[in-house]
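Please open the structure in your viewer and keep the selection panel at hand. The stops below can be followed in order, each with something to select and something to look at.

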Number of protein chains: 6
Amino acid sequence: MRILIVNVNTTASMTKAIGDSARAVASPGTDIIELTPDFGADSCEGNFESYLAAMAVMDKVIRYPEPFDAVIQAGYGEHGREGLQELLDVPVVDITEAAASTAQFLGHKYSVVTTLDRAVPLIEDRLKLAGLTDRLASVRASGLGVLELESDPQRAVAAIVEQSRIAVEQDKAEVICLGCGGMAELEEQVRTATGVPIVDGVRAAVTIAESLVRMGLSTSKVRTYAPPRPKVLSGWPISAELITK
Amino acid sequence: MRILIVNVNTTASMTKAIGDSARAVASPGTDIIELTPDFGADSCEGNFESYLAAMAVMDKVIRYPEPFDAVIQAGYGEHGREGLQELLDVPVVDITEAAASTAQFLGHKYSVVTTLDRAVPLIEDRLKLAGLTDRLASVRASGLGVLELESDPQRAVAAIVEQSRIAVEQDKAEVICLGCGGMAELEEQVRTATGVPIVDGVRAAVTIAESLVRMGLSTSKVRTYAPPRPKVLSGWPISAELITK
Amino acid sequence: MRILIVNVNTTASMTKAIGDSARAVASPGTDIIELTPDFGADSCEGNFESYLAAMAVMDKVIRYPEPFDAVIQAGYGEHGREGLQELLDVPVVDITEAAASTAQFLGHKYSVVTTLDRAVPLIEDRLKLAGLTDRLASVRASGLGVLELESDPQRAVAAIVEQSRIAVEQDKAEVICLGCGGMAELEEQVRTATGVPIVDGVRAAVTIAESLVRMGLSTSKVRTYAPPRPKVLSGWPISAELITK
Amino acid sequence: MRILIVNVNTTASMTKAIGDSARAVASPGTDIIELTPDFGADSCEGNFESYLAAMAVMDKVIRYPEPFDAVIQAGYGEHGREGLQELLDVPVVDITEAAASTAQFLGHKYSVVTTLDRAVPLIEDRLKLAGLTDRLASVRASGLGVLELESDPQRAVAAIVEQSRIAVEQDKAEVICLGCGGMAELEEQVRTATGVPIVDGVRAAVTIAESLVRMGLSTSKVRTYAPPRPKVLSGWPISAELITK
Amino acid sequence: MRILIVNVNTTASMTKAIGDSARAVASPGTDIIELTPDFGADSCEGNFESYLAAMAVMDKVIRYPEPFDAVIQAGYGEHGREGLQELLDVPVVDITEAAASTAQFLGHKYSVVTTLDRAVPLIEDRLKLAGLTDRLASVRASGLGVLELESDPQRAVAAIVEQSRIAVEQDKAEVICLGCGGMAELEEQVRTATGVPIVDGVRAAVTIAESLVRMGLSTSKVRTYAPPRPKVLSGWPISAELITK
Amino acid sequence: MRILIVNVNTTASMTKAIGDSARAVASPGTDIIELTPDFGADSCEGNFESYLAAMAVMDKVIRYPEPFDAVIQAGYGEHGREGLQELLDVPVVDITEAAASTAQFLGHKYSVVTTLDRAVPLIEDRLKLAGLTDRLASVRASGLGVLELESDPQRAVAAIVEQSRIAVEQDKAEVICLGCGGMAELEEQVRTATGVPIVDGVRAAVTIAESLVRMGLSTSKVRTYAPPRPKVLSGWPISAELITK
């Protein structure tokens, strides 16, 4: 089975980290192919960048030259999953939804802890559309950006751990979804500090994508995610033109 | 006051109709500038096309060379409004939300009647995020596409009128928002058939945009719609590269 | 265009302030007529007074001797708007709903900041019926009554500013609706302290009333707001008898 | 124990029927005093009449010359209960809420069946504010007014029975609240036709009012229903002036 | 009238306290029979014990040898009420729901204050299924178990009073439902500390059960609570076999 | 990895079918152990039987003599999952929730189609507590019991297919969860008739249980599902006494 997992930003090192994380949980025989969009922002922290990422991810996936069995969109709180579902016949899994769905099997309520405060409404909106907010205790932000996560990891981790602790103690979360990645030690530290299960979206998405494929299930095509009707398109695929110019 | 009103598809005749409709209700002294995206689909009837339109609209607006006071995104149930709000300092009004907001001043419950069944979930999702579903009686589709609306207008109108009538009689809507445009007689016929007020999104959006400007109000920048953080972007603006290639 | 704007209490100075505020944003050619009820309380801070105001407002409006194009009910969180809609053919706009509707175009979530704590449930109830609570972050009270607002303005303003700041920082409001009026400097101080757009209900209502009239739209009469059925009424209009006694 | 039960309209024969119905279920030692407002409409079928009734009921109750232990407002879907709660120290029970609360002990979902279609939104709004809609299957109307209920009882009953049957079979109601009164045989016929328990609001309210008194419980005065603050009132009580003029 | 009131745990002293509390509010002529399950836990503080209690309560009730008119399940936040409703023709009242229903007649919002934090989600879940959460301000726990309530009453009461105070001041509850029993002074102290009405579930349930019987109402049998279909059962009733072994 | 999958009724042939279905999708290396409760009903079609099944399932699982890695409760809409989560350290997956969670990755809305009408509220209640109703289009019943499913399969299948078709066409479901099992051809026929993906709860649960184990995740123990506190239990485990009597 081949699963494409697509980063939403253009930072190759993050793509690699995502791919490694995915492979760590993939079943034997599952081939994980990580992809970096050909255009967009080097990190997604808002609606504009998220919409740009949505197109860049679709653009990257539809130009992938080999057959594949499922696609994972690896951005937390990002736009675009519905578009991919229209364009493809194989299952599409978003990591925000995968993490939340998984968390709901583990505790009465869950929280998401992310980096920037401005990402909170995006994550809340994606979870609202996904119908996954009834048991959402809170979405909390550490207040530190992705950059700081790399430049001053100790301080960044401390802030994430602190928000996770508040989510458990005050918001009554029993599970934490980490809405940011790239640090192996982060998960362990949050678990130790809070005593609750920590769900990583990438890993959750890999298991769900594999499960759907194994059960022979894919996106329903009767209505919302039917293939686009034939029509005149200009400027698509975007990268084809950008790259060949 | 100058208001940009941006079509979401690439069909120039529809842009012109939108502009004319906007001008019909604009105050004296308001300058309506209608814009057609430089890339995308010739009609938007699904998530993929809607995401493409989101980028095309942003792309068009940020390259507009003159100052302006407000922007209207003239697509029913389309993505993208939040991105524009981040990129701009002036108010941004989406016609789906403008119509629903206006309808709520006119009756206890309202319905939206649109063309294709597959557009229904998109409209529902936009209204859900906008917090405008508590008094939504239904979103109904005539089952006929935008094409048919032009090729066989009589049949298309009859189908829209029929769904509007059902919305009033069965779903208990007291106001109808028409989620499709381009036909002057449509509005009159639906009003006659149902006896309820008919709200046109373009006109509603023009009055709201003017009102916000008049009150000196614009998008809050403290959190969700703060300007994008400075970062490395590639392939943006998209059209700049597409056009100059 | 003539718009009646009706105060809900019997304090003439507040009626005048409301009228002035309305005129400040009205279009050229709009005639603002402010009205004071002929009976009721000198300020409305609870359900009993609000119900009394509801009748006093209807009573005042139906006896207005000249034609008019729209009516604004200028009380925050008060009863009565639905009754006016039944009695009149022209649009009726409540300032609580007008402010909230407007705020939703400006930020992801909004809060209302008012004077007395006991008014909070009234405002929440009106917004719940209006279907405008999905994006309501909070309704907060300064704890000071309307009286204090006049007798010790500095302390009153400080309390309002403080609650607005908490609404933005803790409740994550991105827009503030001021659920109290009468002080020009209040709005400016809250904006400065919070950095978010401040919506005034009276001004929002004037632009919405004008917009509805301009679009030729008025209250739907097919069901909830149909004219009262002919029946035997006693003691109505109330003031006719009160005044002529 | 003395319980005041107040009709919302001025039709004395309906007041008497309400009183008789209340007495039929009252405990030994409970004194039921039925009251007719001194002004208002001879039947309440809309918001205007309902607001007028709200004031007329308060007016009647505060002028009642003897002590009493509880008040029941006997109108289906009418305004005013919150105002009475502010004015009085004794418990106030609305029959719409009493019926729904009682129905919830008897089945998984309940429906309300009333006379006129235009009363449906009023009932829905009262139940929404009362927090009693989660298990509400539907509010249905027979389409016949109170008048017809008396002039052509057989046809009226048939229409009510038919809507009750649909509520059970299609809407999956397991209990019916009758949102109209005055006919002894109605209840029996609906029960026979549907096989579900039928809840009468007046009787439910009597038992609840008695229960609250027996437990020594009354309206909380800490916030929403605190007594009105002292202030200048004109035209109140309304009837005092109307009557003495 | 004979009402069975069944404790959910096996501690006889608590059963007696429940019976005494019930009798204190019962009408003359009502015979209160308190019952202790024949198996289960000596206190219920979690789902496992609650499910065990559900069966033990049903088991006890169906083996009661005399006729009875209603059943009260006297556990806060426990499972089982729906099963009893299927097995019996007489009304079944759960004290959690009885308290919440009663509280809603007394204030705009109510809170439940209980002992252990782990009981909070159970109570929330029962109230959610009962459709009684719209006006629920909070469910709060003192953090002390039932044991402590008896071993160190002063400290336990202080903790309950403190949480009740927070519920009123911060969560804006206007009524408190005590989700724990067995101490006469507790209710008085919470009322004094908060100034709000205190609802006791057992007493509320007795008045509701009596009321239903008086009105001739019982559980609807058309769907959810129809009698179990005839089928092969083994191990039922459980206690019959346990006891006779 | 060893997964216990527990039937909720005492019919051994259904246990075997469940085990076979689970094995069909289990990964190589996963050992599926199907279990039949030692007491209870031969089919679960209501709350009483469901509560009895809850205890019987817990009873069976805690007496299982070998180590295991996860437990699946294989009943549609049944009670008990929360109790198992308290008693065990390994993940617990309920098939009702597993099916719904999986369906949400495949379409905009999903429906559940089951056998008896009386099971509908049970399934709705379980999904409500699980926070999985926002995207639930409907729960529909064929009206035929489990018995008929075996005695007259052709008629039973036709009824299920018909309700599935209505769910897709009228309720706008894009995915169907089959809330009944035991017939290989059923799934195929529903898929053919509706054109939408069909989710089987048992298979979905197996993939989810395996995924949780693979990620090293299990039930959070900080609050709701903490192990039962030490206390005096009588009659537990139930079957130990029943069997040895």
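The tour goes from the two domains of one chain to the relations between chains. Please keep in mind throughout that this is a predicted model.

**Stop 1: the domains of chain A**

Begin by selecting residues 2–95 together with 203–244 of chain A, which the domain assignment gives as domain 1, and colour them apart from residues 97–201, which it gives as domain 2. If you place a marker at the centre of each domain, taken over C-alpha atoms, the two markers should be 22 Å apart.

**Stop 2: the interface between the domains**

Now restrict the view to the residues that meet across this boundary: 18 residues of domain 1 of chain A are in contact with 20 residues of domain 2 of chain A. The area buried between domain 1 and domain 2 of chain A is about 1,700 Å², and carbon and sulfur atoms give 53% of that area. Which three residues of domain 1 of chain A supply more of the area buried against domain 2 of chain A than any other three? Select Glu45(A), Tyr76(A) and Arg203(A), which together supply 39% of the area that domain 1 of chain A buries there.

Next, show the charged side chains at this interface, where three salt bridges are counted between domain 1 and domain 2 of chain A. For a salt bridge to display in detail, pick Asp200(A) and Arg203(A), whose side chains meet at 3.4 Å, N to O. Arg203(A) has thus been selected twice on this tour, as it is also one of the three residues named for their share of the buried area. With polar contacts switched on, 13 residue pairs are found across the interface of domain 1 and domain 2 of chain A, both residues of each pair being at pLDDT 80 or more.

Turning to the secondary structure on the side of domain 1 of chain A that touches domain 2 of chain A, select helix H1 (12–25), helix H2 (47–62), strand E5 (92–94) and helix H9 (201–214) of chain A, each of which supplies at least two residues of that side. The largest share, four residues, comes from H9(A). Coloured by class, this side of domain 1 of chain A shows seven nonpolar, six polar and five charged residues.

**Stop 3: a pair of strands in chain A**

Select Arg2(A) and Asp31(A), which form a salt bridge with their closest N and O atoms 3.7 Å apart. Arg2(A) lies in strand E1 (residues 2–7) of chain A and Asp31(A) in strand E2 (residues 31–35) of chain A, so this salt bridge ties together parts that are 29 residues apart in sequence. Over all chains, a search of the whole structure finds 138 salt bridges.

**Stop 4: chain E against chain A**

Bring chain E into view and superpose it on chain A, which takes a rotation of 120° with 0.0 Å of shift along its axis and leaves an RMSD of 0.0 Å. The two copies are therefore related as by a three-fold rotation axis. Here five residues of chain E are in contact with four residues of chain A, and the two chains bury about 320 Å² between them, 33% of it on carbon and sulfur atoms.

Two salt bridges are found across the interface of chain E and chain A, and a salt bridge to select is that between the side chains of Lys172(A) and Asp117(E), at 3.5 Å, N to O. The side of chain E that touches chain A has one nonpolar, no polar and four charged residues.

**Stop 5: chain B against chain A**

Finally, superpose chain B on chain A by a rotation of 180° with 0.0 Å of shift along its axis, for an RMSD of 0.0 Å. These two copies are therefore related as by a two-fold rotation axis. The same surface serves both copies, in that 100% of the contact residues of chain B recur in chain A.

Technical notes:
Residues are numbered from 1 along each chain as its sequence is written. Chains are lettered from A and ligands numbered from 1 in the order in which they are written. This is a predicted model: local features need pLDDT of at least 70, side-chain atom pairs count only at pLDDT 80 or more; totals for chains, interfaces and linings use all residues. Side-chain values use heavy atoms; hydrogens and water are left out. Domain bounds come from an automatic or database domain assignment. Contact means heavy atoms within 4.5 Å. Buried area is the accessible area (1.4 Å probe) that two parts lose on being put together, summed over both. A salt bridge is a side-chain nitrogen of Lys or Arg within 4 Å of a carboxyl oxygen of Asp or Glu. A polar contact is a pair of N or O atoms within 3.5 Å; within protein, one must be able to donate a hydrogen and the other to accept it, and residues adjacent in sequence count only if both atoms are side-chain atoms. Ala, Val, Leu, Ile, Met, Phe, Trp, Tyr, Cys and Pro count as nonpolar, Asp, Glu, Lys and Arg as charged, and the others, Gly among them, as polar. Copies are superposed by least squares on the C-alpha atoms of residues with pLDDT of at least 70 in both.
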